[in-house]
Amino acid sequence: MVQKVAKRFYDSLVAGTILAAQCNDCGNWTFPPVTACRECGSRNIEMKEISGEGTVYFYSTSILPPKKFAEYSPYAYGLIELKEGPAFMTMVEGLDASTPEKIAEGNKRLPLPVKAEVIERAGMNVVCFRISE
Amino acid sequence: METNASIVGVGCTKFGNVLDTPELQDKTFHELIAEAAFEAMDDAGMTGKDIDAFYVGSMLSHTSRVYSHHTQLCDWLGLQLKPGLHFATACSTMNTGIGLAAMSSLSGKYKNVLVVGAETLMSYPDDNPVKRKAVDPVDLWYWTDFGVDQMYAYHHCYDIATAYGAIPTMGYAKKYGLSDEKMDEVMYNVHKAVRRHSSLNPKAFVTEDLQESARLKDFRDPLKFWQSHNNPYFAYPTRLLSALNTVDGAAAFIVTRPEEAKKYHEQPIDIVGFHWAVSNYPWYGKDPTDWAIDKTSFANAYKMAGVTGKDLDYLYVHDCMQIYQLILPEIAGYFEEGEAWQAAMEGRIMFDGDKPLNTSGGRHGKGHAFGASPGSETYEIVKQMRGEADKRQVKKEIEIAAQHNHGYGMHSAVTIFKKR
Ligand SMILES: [Zn+2]
C-alpha cells in the first residue's frame, strides 16, 4: 500500500506545517515529498517537517504568466535551495519584480537567506519563501 | 563504432501557420503528416508496401483533436493493416523516435520503420475538420504545462519563462563573469546566427533576417533594434526574440537495417549511438547551467558510439530558449567550458563558421512544432551530411553529427549520426 503523500502535504499546509520526505536508507531529503527517495529510489521514506530555512539564488518574472497566476503578476519567481538540500522554485516575497531594472538590481544582492511560509495563491495553500532579513 | 540502423529517407513540411502560411493553408493535421511521410518515402524510394511499421509522434491532443493517431492515419499513409502506434516525449518526441526505430530495426522484427511527427499549435478544428479556430496563447500554455510537475511545481506559482530562460541565462553570465550588458550582446549574437540560418531556409517560419527586421522598424543598427521596445524582456534578462515561436508543421524519416540501406539511398546516414534520460522539475539546482540529465544522455550516447564531443563536426541542440545554444554545446563537449559565448560573438556557430550549430534556424527561426521539431532537425542534419543544404550548406565535410532535444518536464534525448 502506498501512503497518501500529496494530500497529506497540502492538508498539513493548513496548519502551517511544511512536510518533506526523508529517506531512512540514505538520509537524503526529497522536497516536495513523493513516494520514493529522489536520491536513491528507496521506498523506505518518512514524512517530516522541514526547517523552512533556505537560500534564494536567482529570480525573475514573466510577461506571460499562466492564467492561474495572472492576478499576481508581476511576481518574483525564485530558485531556492533548502537547508536540507533539495532545490525548489516558487514565489519569493521581499524581492522586487516590478521592472527589468529592479530585477537586475535585486539579483545583484543574491544569494540571500530565505524562510518558508504558507500562503494562499489562486485558491490553494502553497509554500512560498520570504527574504529572512 | 557499430552501426545500429540507418536513415534512408527524410521529409519535412514548411513550418508556419495553417491559417495563413501559403504552403500550409487549409491543410489538416492528417495532410501535414502525409506530406512529410510521402517526402521521406519518395526520398527512400519506398512505397507503403516497403514500410514494416510506423510510429506517429505528437504531443498536444488539445490542438490536434486526435487520439489513436495510428488508426486515424493508416489509410492516409497507405499503411492499412501495418503495425502502428502513437508515442510522445513532448518536445524531444521524434528524437526519441530515432532510438525506438533503431531498436525495432536492429531486432529484426520490423526492418523498415517510418517515424512521422506533427503538431498543430496555432489553431484547432472547431468541431468541423476543415474549419479552424485560432488558439489563444494563454490556453496553449495552459495545455502545454500539463507536461510539467502537476503535483507541486505548477501550483507553486509556476513561471516557465523564468525557469527555462531567465535563470539559466543569469546562471551562465554569473559562471563566466559576464555583465548583464555583455550577456545581452552575446544573446544578440546568438540570435543573429538564428536569423541568418532561418532566412536561408525556405521551410523556416521566420524568413527575414535580423538586419531586415531592424530596417523595417527604421533601425540602421540591428543591435539598437535588439535593445529597443520592439524586443521587450520576456523574463529579464531573456528577451522575446531569444524565445521560441510556436508553429504548425510535420516531419518524417525512415530507418532501416544498415546492410540494406544502400538499396534505398546512395548516402545512408548511420545511427551509431543514442540515449535518453529523464528528470522531474526543476532539472537543475543552484548552478542553473549544471544539467545532469543532459550530461547523462550525452555521455551514454557517446559511449555507445565510441566518440567524444571533440569528434563532432556538427551539432544541433534544443533551443526553445536560445541560451541553450551556449549551455548545451559546452555540456556536449562541442565547446570547452566558457568557449560557447565567445564563439557566438565571433560568428563561429554560423553555417560557414568552424563550429556550425542549429543551421536550420532553431526553434525561433525555423519555429517550434513541439513533437515534430526534432524530426525537422534530423531532416536538417541528414541534408547537411549529404551535402544537400543548399545556401546554408556547412562548408566542411560532416563525418559525425549529434542531435540533442529536450522534452518538457524534463526529458533529454541525444542521437549520434555518422556518414558512410
Ligand atoms: Zn534514499
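Analyst: A helix here is a DSSP run of H or I with at least four residues, and a strand is a run of E with at least two. By that count, chain B of this predicted model has 15 helices and 13 strands, while chain A has two helices and eight strands, in the sequence order α-β-β-β-β-β-β-α-β-β.

User: How do you know whether the radius of gyration of chain B agrees with that of a compact globule?

Analyst: For 420 residues the globule rule, 2.2 Å times the number of residues to the power 0.38, gives a value near 22 Å, and chain B has 20 Å, which agrees. The C-alpha trace of chain B spans about 60 × 50 × 45 Å along its principal axes, and 65% of its residues count as buried.

User: What does the rule give for chain A, with 133 residues?

Analyst: The expected radius of gyration is near 14 Å and chain A has 16 Å, which is again counted as agreement. Its C-alpha trace spans about 50 × 30 × 25 Å along the principal axes, and buried residues make up 50% of the chain.

User: How do you know whether the end-to-end span of helix α6 of chain B, residues 160-175, is as it should be?

Analyst: The expected span is 1.5 Å times one less than the number of residues, so the 16 residues of α6(B) should span 22 Å, and the end C-alpha atoms are indeed 22 Å apart. The helix nevertheless bends by about 30° at B:Ala166, with a proline, B:Pro168, following within four residues.

User: Why is α6(B) described as largely enclosed by the rest of the structure?

Analyst: A residue is buried when its relative accessible area is under 20%, and 14 of the 16 residues of α6(B) are buried, so the description follows.

User: What makes the approach of B:Asp159 to B:Ala161 at the start of α6(B) a polar contact?

Analyst: The cut-off for a pair of N or O atoms is 3.5 Å, and a side-chain oxygen of B:Asp159 reaches to within 3.3 Å of the backbone nitrogen of B:Ala161. After the helix comes B:Gly177, whose phi is positive, near 65°.

User: Why is an aromatic pair called edge-to-face, taking B:Tyr142 and B:Phe146 as the case?

Analyst: The structure holds 23 aromatic pairs over all chains. In the pair of B:Tyr142 and B:Phe146 the ring centres are 5.2 Å apart, inside the 6.5 Å limit, and the planes stand at 65°, over the 60 degrees that edge-to-face requires, so the name applies. The rings of B:Tyr172 and B:Tyr176, with centres 4.9 Å apart and planes at 70°, are edge-to-face on the same grounds.

User: How do you know which of these four tyrosine and phenylalanine residues are buried and which partly exposed?

Analyst: The partly exposed class runs between 20% and 50%, so B:Tyr142 at 33% falls within it, as do B:Phe146 at 41% and B:Tyr176 at 21%. B:Tyr172, at 1%, is buried.

User: What makes B:Lys355 a charge that sits over the ring of B:Tyr334?

Analyst: NZ of a lysine must lie within 6 Å of the ring centre and within 35 degrees of the ring normal; the charged end of B:Lys355 sits over the ring of B:Tyr334, 4.5 Å from its centre. B:Lys355 also lies over the face of B:Phe335, at 5.8 Å from the ring centre, a value again inside the 6 Å limit.

Definitions and conventions. Residues numbered from 1 in each chain as written. Chains lettered and ligands numbered in written order. Predicted model: local features only at pLDDT ≥ 70, side-chain atom pairs only at ≥ 80, totals over all residues. Heavy atoms only, no water. Bend = angle between axes of the 7 residues up to and from the residue. Buried < 20%, exposed > 50% of the residue type's maximum accessible area, 1.4 Å probe, protein only. Polar contact = N/O pair within 3.5 Å; in protein donor to acceptor, adjacent residues only side chain to side chain. Phe/Tyr/Trp six-rings, centres within 6.5 Å; stacked < 30°, edge-to-face > 60°.
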